[in-house]
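Dear colleague,

Please find the structure below, with the sequence alongside. My notes on what was found in it follow directly after.

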Amino acid sequence: MGFSMGLNLVLLLAMVATNILSLYHLSSTLQSPKPPTQQPVPDHLLHQLNTIRATISHLTRHQPPSVNPSPATTKPSIPQDLLLYSHLSSIASACHNHPDLLHKYMTYTPYSLCPLDSDLLAESLILHGCHPLPRRRCFSKTPPKPPSSLPHNPFPSSFLDSNVIWNKYPSCKSFSCLAKQSPGLGFDLNTEISKFMTYKTELDLPIPQLLQVAKSANSVIRLGIDIGGATGTFAARMKQYNVTVVTTTMNFNVPNNEVVAMRGLVPLHVPLQQRLPVFDGVVDLVRCAHAVNRWIPLTMMEFLFYDVDRVLRGGGYLWFDHFFSRRMDLSKVFGPLIGKLGYKKVKWAVGNKTDSSGLKNEEVYLTALLQKPVSK
């Protein structure tokens with residue numbers, strides 16, 4: 001575009017110069033008192049004219065042809081339902097950074113089944129900061145045989161494969177496969193049943209001990225939020241103590257949200273950067289699981305901590321469960337950041353992270369139980 005405009009300007013100047021030279025030669029001929037005999041064109045004028053003509057010819061040969069945008073290079077049309085919804089509610093600014101994903105997510109036939117890849121597209125957009133997602137007018141596919149009632153025991157002998165639409169998950173098509181392929185992610189019930197109940201190191205905080213701490217402080221734990229709670233094992237165990245805990249969890253190509261619901265619990269499909277969908281000062285406990293760690297940008301982490309403070313009542317508890325970071329960063333960065341909250345330290349235990357990543361990066365775990373002052 002810029003090259004074509006510059007070329008046109010050069011051609012225009014060349015033509016103007018040619019006309020000026022021609023007029024100059026003509027005027028000099030008319031003003032001569034001699035008989036109108038044909039006058040030879042001066043050599044310097046001929047040289048200038050030839051130079052201008054050569055320049056015009058050269059530029060014309062090298063002018064790029066005008067190119068009409070092909071269908072492949074034109075911007076895709078905006079889905080009609082996205083346009084319609086944008087008039088009803090604002091679209092998150094981060095959504096505009098990923099137009100291809102957003103357009104694909106909002107491309108569907110209204111009043112029919114949603115596309116099969118809807119869940120994967122939705123989670124990809126959410127993880128890129130596009131939340132809340134625009135609403136759609138299509139029907140989500142659900143398992144053909146939903147359970148008839150909530151389970152009395154959140155630790156069943158096994159999870160039913162029929163409660164999951166496995167087409168969404170490419171790696172496994174059953175819970176037995178997930179338990180073998182992804183150990184430690186919450187699908188092996190033989191492992192999950194002992195979590196939060198045993199004390200092996202200072203980094204552990206068994207639920208009976210947690211409840212005893214609250215009781216000794218004349219406090220009570222009735223409602224809680226588990227941030228990054230995977231398959232909801234913490235909420236499941238707390239349910240057995242008559243404590244209601246909702247779990248924020250993303251799927252990451254495994255059915256975390258489905259398992260939380262199968263246990264008769266409430267999954268919240270929200271990322272760490274989203275404001276907790278809970279009113280101010282109404283919960284007694286917030287647990288930050290492994291998802292809250294040193295990989296979160298520091299500013300985002302600070303906003304998360306103060307959002308947790310917002311939903312905690314005075315006297316409520318904030319529990320960092322195996323928060324990991326580099327040892328130096330814990331003392332110089334994350335420790336002072338947590339300290340800004342001004343909470344009482346009920347428990348503060350640090351231990352080495354002994355896996356390969358921990359040894360390589362000199363990482364440590366922090367388990368901390370903090371109590372929000374009543375005056376806040």
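K215 and S216 are exposed on one side of helix α8, whereas I207, L210 and A214 of the same helix, which spans residues 207–216, are buried. Viewed along the axis of α8, the buried residues fall within an arc of 60°, so they line one face of the helix. Please bear in mind that this is a predicted model. The cover over these buried residues includes α9 (233–239) together with the strands β4 (283–288), β5 (312–326) and β7 (363–371). Just after α8, N218 adopts a positive phi of about 55°.

Three of the covering elements, β4, β5 and β7, also appear in an open sheet of seven strands. The strand order of this sheet is β3-β2-β1-β4-β5-β7-β6, and the pairing is mixed. Its edge strands are β3 (267–268) and β6 (344–352), each of which pairs on one side only. At the β3 edge, β2 (residues 244–248) pairs with β3 in the parallel sense over two bridges; T248 has L268 of β3 as its bridge partner.

T248 is also among the residues that line the largest cavity. The structure holds one cavity of 30 Å³ or more, and the space in the largest cavity is about 40 Å³. Besides T248, its lining consists of I227, V270, P271, L272, Q274, L276 and L304. By class, six lining residues are nonpolar, two are polar and none is charged.

With kind regards

Technical notes
Residues numbered from 1 in each chain as written. Predicted model: local features only at pLDDT ≥ 70, side-chain atom pairs only at ≥ 80, totals over all residues. Heavy atoms only, no water. Buried < 20%, exposed > 50% of the residue type's maximum accessible area, 1.4 Å probe, protein only. Helix = DSSP H or I, 4+ residues; strand = E, 2+ residues; numbered from the N terminus. Arc of directions from axis to C-beta. Contact = heavy atoms within 4.5 Å. 1 Å grid on protein atoms, 1.4 Å probe; cavity = no way out; pocket = protein on both sides within 12 Å on 5 of 7 lines; lining within 4 Å. Points joined across faces, edges and corners; volume = space filled by probe spheres on them. Nonpolar A, V, L, I, M, F, W, Y, C, P; charged D, E, K, R; others polar. Pairing = 2+ DSSP bridges.
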